[in-house]
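Please read these points with the sequence and the structure open beside you, and check each one against the model as you go. They are written for someone who is new to reading a fold.

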Amino acid sequence: AAIAPDERLGVAKPHQRYLPKGTVGRQAAQAVVVDYSSPNLAKEMHVGHLRSTIIGDALARTLEFLGHNVKRQNHVGDWGTQFGMLVAFMDRVREGGDTEDLSRELADLEELYRKAKHLFDTDPDFANTARENVVKLQSGDENCQIRWLNYTAVSLLHCEKVYGRLGVMLKRDDIRGESEYNDDLPEVVADLEKAGLLTESQGAQCVFLDEFRNKDNEPLPVIVKKTDGGYLYATTDLAAIRYRVGELHAERILYVTDSRQALHFRQIFAVARKAGFAPESVLLEHVPFGMMLDKGGQPFKTREGGTVKLTDLLDEAERQAIGLVNAKNPDLPDEQKREIAEKVGIGAVKYADLSQNRTSDYVFSWDKMLSLDGNTAPYMQYAYARIQSIFRKGDESTDYTEKKSTNYTNFLIEDPAERALAVKLLQFAETVEAVASECLPNLLCGYLFDLAGAFTTFYESCPVLKSPEPTRSSRLALCAATGRTIRTGLGLLGIETVEQM
């Protein structure tokens with residue numbers, strides 16, 4: 001009965017949660033910064049951005065649901081070598097007499113980047129010019145900055161379209177790219193020097209910490225300023241920590257990135273501590289994830305060996321889902337089929353990823369992720385739709401589902417299947433707390449799958465609509481609570497439910 005009248009399904013608000021034994025006072029909501037997605041601009045988002053984007057979004061949603069003050073940070077790569085390459089490439093095109101206007105130049109930014117990258121890798125003079133452009137950009141060169149603003153504007157529009165299709169809660173206000181920290185980079189280096197942490201090595205400014213050594217026991221540097229005067233990712237990440245602690249008042253900072261960046265973040269966190277940029281009271285956490293693989297166990301790519309664009313992947317997800325909807329409910333109107341296919345297809349891609357332990361690599365399989373059997377989004381969406389069909393068959397309005405059932409507290413738990421379902425419903429709060437503390441969305445996926453299984457057993461064992469009162473109302477309330485929990489849980493994962501499938 002505890003969850004039925006509670007719109008939060010038994011999940012306590014921050015002031016109701018207590019700190020571990022031995023601490024004083026109630027736990028207040030934390031200011032949590034979640035750094036996720038963070039694509040490099042100047043090219044389209046691809047499958048390599050998928051895991052960071054959807055894992056980060058699920059964690060941000062979950063932390064917000066728990067009552068924490070979540071501050072999303074999309075640390076886009078908008079200030080690096082790629083922009084030096086683009087400026088150099090367009091200068092070379094213009095020198096060759098091509099008079100294409102800027103709108104046409106920007107129409108296919110991905111193609112421009114591909115051509116520029118080829119020159120960067122094969123032409124030493126071009127590569128040097130590109131690197132010089134990066135320094136010019138960082139130094140405020142007007143021509144470079146105008147070109148840069150045009151390139152980033154086009155890239156950001158593309159990113160926003162992808163976020164919209166994925167249902168990801170990243171907005172323009174959440175973007176704080178590398179460029180935002182440019183003015184603070186000299187100060188970061190100066191403060192590192194004041195702290196006695198800076199060492200010059202082969203003309204570069206570095207920080208060496210004893211705890212980081214290579215296999216030959218030689219110290220590994222954290223390079224913060226190159227010999228040409230340019231800055232690196234490390235410098236920007238240190239500036240970002242200072243901003244997040246000093247301006248956003250972060251108490252916990254999560255970095256959702258590829259596991260291959262683990263050493264980088266261990267070093268950055270250690271330098272930030274020693275420099276005083278982040279006190280010990282601020283939690284700095286790297287949230288690493290594995291790779292998406294094809295059926296052969298190789299990094300997921302196109303048949304031609306190229307990078308899979310996220311827009312192409314999502315288009316294919318919706319096409320695949322249409323077949324599932326047609327097979328399951330062919331009589332639905334075409335427009336409704338398309339709406340369901342969009343939710344099922346996108347949900348399938350996201351759930352297939354989130355249901356894995358994020359630290360593991362996983363094999364991408366359309367057949368598996370769109371299956372109605374097993375721990376998949378279509379299975380969960382179908383479970384929810386099946387519950388809604390009970391209310392339609394019983395001529396029970398959504399008012400019953402949303403209001404009357406939430407006021408129902410006199411549950412009659414008589415059958416073992418009823419008890420098993422009720423116990424599973426009561427585990428939702430602890431599951432959500434575990435997701436937030438351990439940064440593991442797969443715990444929620446596993447819970448929802450078990451809940452759906454408990455409901456199936458209950459529904460097969462316990463007649464609902466044909467039961468006499470008060471058993472009928474009790475079981476309807478159990479159905480409603482299960483439906484609300486599935487919908488809420490999928491919502492925390494960024495996945496929509498459907499009323500019919």
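1. Two residues are said to be in contact when heavy atoms of theirs lie within 4.5 Å of each other. With that in mind, and remembering that this is a predicted model, which residues does Leu490 touch, once its neighbours within four places in sequence are left aside? Its contacts are Tyr351, Met380, Gln381, Leu448, Ile495 and Thr497. Leu490 belongs to helix α18, which covers residues 471-492. Because buried means under 20% relative accessible area, Leu490 with its value of 0% is counted as buried. One of its partners deserves a second look, since Met380 is 110 residues away from Leu490 in sequence, yet the two C-alpha atoms are 8.3 Å apart in space.

2. Before going further, please consider how confident the predictor is. The mean pLDDT of the protein chain is 89, and 90% of the residues reach 70 or more. Over residues 21-26, however, the pLDDT is below 50, and this stretch has five contacts in the model beyond near neighbours in sequence. Where pLDDT is low, the predicted coordinates should not be read in detail.

3. The next element to find is an open sheet of four strands, which are ordered β2-β1-β6-β7 and pair in the parallel sense. At its edges are β2 (69-73) and β7 (283-289), each of which pairs on one side only. From one strand to the next, the twist averages 20 degrees.

4. Within this sheet, β1 (31-35) is a good strand to study residue by residue. Is β1 mostly covered or mostly open? It is mostly covered, as five of its five residues are buried. In a regular strand the side chains alternate between the two faces of the sheet. Here Ala31, Val33 and Asp35 are on one side of β1, Val32 and Val34 are on the other, and all of them are buried.

5. The pairing of β1 can be followed on both of its sides. Five bridges join β1 to β2, and these two strands run parallel; in this pair, Val33 has Lys71 of β2 as its bridge partner. The chain goes from β1 to β2 by way of helix α1 (residues 50-65), and this β-α-β crossover is right-handed. With β6, strand β1 pairs in the parallel sense over four bridges, and there Val33 stands opposite Ile253.

6. Further along the sheet, β6 (residues 252-258) is joined to β7 by seven bridges, again with the strands parallel. Asp258 has Phe289 in β7 as its bridge partner. Helix α8 (residues 233-246) packs on the sheet, where it touches β1, β2 and β6, and its direction makes about 145 degrees with that of β6. Helix α9 (residues 262-275) also packs on the sheet, touching β6 and β7, with a direction at about 175 degrees to that of β7.

7. Between β6 and α9 there is a loop, and Arg260 is found in it. Because exposed means over 50% relative accessible area, Arg260 counts as exposed at 63%. The C-alpha atoms of Arg260 and Gly290, which are 30 residues apart along the chain, are separated by 8.4 Å.

8. Helix α9 also allows a simple check of its length. At 1.5 Å a residue, its 14 residues should span 20 Å, and because the C-alpha atoms at its ends are 20 Å apart, the expected and modelled spans agree. Its buried residues include Phe265, Ile268, Phe269 and Val271. Among the elements that cover the buried residues of α9 are α7 (185-194), β4 (204-213), β5 (219-225) and α8. Just after the helix, Gly276 takes a positive phi of about 80 degrees.

9. Finally, please compare the other sheet described here, an open one of three strands in the order β3-β4-β5 with antiparallel pairing. Strands β3 (198-201) and β5 each have a single partner strand, so one side of each is left without a neighbour in the sheet. Neighbouring strands of this sheet are turned against each other by 50 degrees on average, direction ignored. Five bridges hold the antiparallel pairing of β4 and β5, with Pro221 of β5 as the bridge partner of Phe208. Helix α9 appears here as well, since it lies across β4 and β5 and runs at about 100 degrees to β4.

Terms used
Residues are numbered from 1 along each chain as its sequence is written. Side-chain values use heavy atoms; hydrogens and water are left out. Two strands pair if DSSP finds at least two bridges between them. Axes are lines fitted to C-alpha atoms, for helices over the stretch in contact, and angles run from 0 to 180 degrees between N-to-C directions. Buried means under 20% relative accessible area, exposed over 50%, partly exposed in between (1.4 Å probe, protein chains only). A crossover is right-handed if, with the strands pointing away from the viewer, the path from the first strand over the helix to the second runs clockwise. The expected span of a helix is 1.5 Å times one less than its number of residues. pLDDT is the predictor's confidence in each residue, from 0 to 100.
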